[in-house]
Amino acid sequence: MSGLSRSDVEHVAHLARLGLTDDELTLLQGQLNHILEQYAKLAEIPTDDIPPTAQTIELENILREDVVTPSLPVDEVLQNAPHAAGGYIVVPAILGGGDE
Amino acid sequence: MTADLTRLKAHEMADRLRAGEVTSRELTEAHLDAAKAGNHALNAWLTVDRDEALREADAADARLRAGEPAAHPLLGIPVALKDLISVRGGQCTAGSRILEGYISPFDAHITERLRDAGAVILGKTNMDEFAMGSSNEHSAYGPVANPWDLETVPGGSSGGSAVAVAAFHAPLSIGTDTGGSIRQPAALTGIVGMKPTYGRVSRYGIVAFASSLDQIGPFARDVRDAAALLHAIAGRDERDSTSAPVPVPDELLRLPSGIDEAAVGLRGKRLGLPKEYFVAGMEPDARRRIEEAVAALEGAGATVEEVSLPHTDYGLATYYIVAPAEASANLARYDGIRFGPRLGDGDVMGNYLATRGRGFGPEVKRRIMLGTYALSAGYYDAFYVKAQKVRTLIKRDFDTLFEQGFDALVAPTSPSVAFRFGAKMADPVAMYLSDACTLPVNMAGLPGISIPCGLSEGMPVGLQLIGPAWSEPRLFQLARAYEALTADAPWRDQEPAQLALTADPGQPTPAERASALARA
């Protein structure tokens, strides 16, 4: 398993939507590679016939009655939004607009 | 008088409340005063809501006066909550800047359950950011000091909840445990802490870290108190689809009070001692405390056999793929759109990068990076699927032993006692090893409890008991038996060695101590 290059670290940071400084990228490159070395140990174990575990307690689907229950009050929820107006959360435009 | 009230166990408080010898308001005031006086030197609390706590105490006193026949033992008892549990109208930072200013518009399931029981919520406790850490040094709101030695950490991530109980600011508190975050700080601060079976307690209304591993559980200074707190918060809640429809046993409220009666609980029990949990690098004196505890268990009629959990050594690597992968997905919601500060002044992408880049601390970023990488195209099978398969093997190790008839496993909770501020901050892998004895239990979804078993060079050592799924009553009975056996041990009544110092407002804060140590 080859290590993470600087550009790999930058790529992963972009996937994760983390804006990192040059110093952070440098530090993380070293630390992540050190942690990835610990992962290499897992290659020792043959697991071809082993099913993966995502859930430890054996629960089958549990269904509930399809009834309407109250939701959180909109005004209380919007109080946490950094920018809200008219009962909506305001976000920057994500589509190219008419003013370009 | 005030100081005396904080020294009582929760069940002793409950007896006095029912006898009319004390009111919930008096108990609450005593603990609020202790928290206020001690927080400068400990930093265990992020918020204390005195007015609201006193309102809840008065309501509890009214219920006590009315004499509700089916009242829960927690009626009128103060409790502290880790600051990732939603309490309507209050902050819920999860120890992060990215949730600064967030006000929860609803109560978590366990908050509702505590209100139903009549417990008094004193406030919210400090924690490692998003519960990621083993020392509480990764809180955006500063480190927490351990009252046994103010230059050492209390463990983490539920460090504030552990210290609130160890320092007599509250008789009970709530933590969460994803890889050891209840049991390890309980061990390092000399108290009782339990991680219940996955699915025992609803996670509705707690800030998610790793959803297949997270469980909520109790801290207390006494086994019976911890069991009563679990009883109050456990049970099916349809808002958490992983909360199991398994009845909550009332045995949790009926653990034996008498010493002899309790110690009988060990007679004929078959316990396994997993040799892999005595990891290389374990402190020899801490190891001796565990060996002494094992001898005491045998002396009371249990048989203890050395056993093997052969995949233990792969636990760390497995956990540090599964947990960061789940975290990287869970923490995608912190994007500055719906809650928390929104940073950046550019386009949507620029805002995301700035909000998340500046809002998360170093450990959280490290884990998001690890998880994103492990889930990314081309690596998903090699890392994430591989880890889930090894997780199956780790779980089978435990299943095999319990199928052979072992009642429980006995192990150290932590390879070391509390360490100094800064000791493991430069090396993430060294920090991760703090949870080597606890995280396999989360991987397998099992219940585990840490109970104090003595001191090593003046610092607390924790004994861990691990049982099969849904065996919490048995684990509490075994823990109560050990507690009874050691009731007269000299370390039992010893208060944290530097607790008295925390009343002095001239003492440095934990952050000041940590930076002084970093300079030294």
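These are my notebook entries on a predicted model with chains A and B.

**Entry 1. Chain B overall**

I began with the secondary structure of chain B, which comes to 18 helices and 11 strands. I then looked up its radius of gyration, which is 22 Å, close to the 24 Å that the globule rule gives for 520 residues, so chain B is as compact as a globular protein of that length. Along the principal axes I noted a C-alpha trace of about 65 × 55 × 50 Å. Of the 520 residues in chain B, 61% are buried. I also checked how far along the sequence the contacts reach: among contacts in chain B with a separation of 6 or more, 76% are between residues 24 or more positions apart.

**Entry 2. Chain A overall**

I went through chain A in the same order. Its secondary structure comes to three helices and two strands, and the elements run α-α-α-β-β from the N terminus on. The radius of gyration of chain A is 23 Å, well over the 13 Å that the globule rule gives for 100 residues, so chain A is more spread out than a compact globule. The box filled by its C-alpha atoms, taken along the principal axes, is roughly 55 × 50 × 25 Å. I found that buried residues make up 15% of the 100 residues in chain A.

**Entry 3. Where the chains touch**

I listed the contact between the chains: 57 residues come from chain B and 42 residues from chain A. On the side of chain B that touches chain A, I found five helices that each supply at least two residues, namely H11 (315-330), H12 (348-359), H13 (362-375), H14 (380-403) and H15 (428-432). Which of them supplies the largest share? H14(B) does, with 11 residues. By residue class, I noted that this side of chain B divides into 32 nonpolar, 14 polar and 11 charged residues.

**Entry 4. The nonpolar core**

I looked up the largest nonpolar core, which holds 176 residues. Val79(B), Phe219(B) and Ile321(B) touch the most other members. H11(B) supplies the largest share of this core, nine residues. For background I noted that nonpolar side chains tend to be buried together in soluble globular proteins.

I followed Ile321(B) further. Leaving out residues up to four places away in sequence, Ile321(B) touches Ala374(B), Phe383(B), Tyr384(B) and Ala387(B), and also Tyr39(A).

**Entry 5. Helix H3 of chain B**

I compared the length of H3(B) with its expected span. The 19 residues of this helix (residues 24-42) should span 27 Å at 1.5 Å a residue, and the end C-alpha atoms are 25 Å apart, which agrees. I did find a bend of about 30° in H3(B), at Lys36(B).

Next I listed the buried residues of H3(B). Among them are Ser24(B), Leu27(B), Thr28(B), His31(B), Leu32(B), Ala35(B), Gly38(B), Asn39(B) and Leu42(B). I set beside this list the rule that an α-helix has 3.6 residues a turn, so residues three or four places apart point the same way. The full list also includes Ala30(B), Ala34(B) and Ala41(B). Just after H3(B), I found Asn43(B) with a positive phi of about 60°.

**Entry 6. His11(B)**

I located His11(B) in helix H2 (residues 10-18) of chain B. Is His11(B) buried or exposed? With 21 C-beta neighbours inside 10 Å, against a cut-off of 20 or more, His11(B) counts as buried. Not counting residues up to four places away in sequence, I listed its contacts as Pro73(B), Arg224(B), Asp225(B) and Ala228(B). I looked at one of these pairs more closely: His11(B) and Arg224(B) are 213 residues apart along the chain, and their C-alpha atoms are separated by 7.6 Å.

**Entry 7. Backbone checks in the loops**

I looked first at the loop between strand S3 (120-125) and helix H6 (159-166) of chain B, where Ser157(B) is found. A cis peptide bond joins Ser157(B) to Gly156(B), with omega about 10°. Asn136(B) is placed in the loop between S3 and H6 as well. Asn136(B) is not a glycine, yet has a positive phi of about 65°. I counted Asn136(B) as buried because 35 C-beta neighbours lie inside 10 Å.

I then turned to Trp470(B), in the loop between strand S11 (459-466) and helix H17 (472-485) of chain B. Its phi is also positive, near 65°, in a residue other than glycine. Trp470(B) has 18 other C-beta atoms within 10 Å, so I entered Trp470(B) as partly exposed.

Methods
Residues numbered from 1 in each chain as written. Chains lettered and ligands numbered in written order. Predicted model: local features only at pLDDT ≥ 70, side-chain atom pairs only at ≥ 80, totals over all residues. Helix = DSSP H or I, 4+ residues; strand = E, 2+ residues; numbered from the N terminus. Buried ≥ 20, exposed ≤ 12 C-beta atoms within 10 Å, placed from the backbone. Contact = placed C-beta atoms within 7 Å. Expected span 1.5 Å × (residues − 1). Bend = angle between axes of the 7 residues up to and from the residue. Nonpolar A, V, L, I, M, F, W, Y, C, P; charged D, E, K, R; others polar. Rg over C-alpha atoms; globule rule 2.2 N^0.38 Å. Core = buried A, V, L, I, M, F, W, Y, C linked by C-beta atoms within 7 Å.
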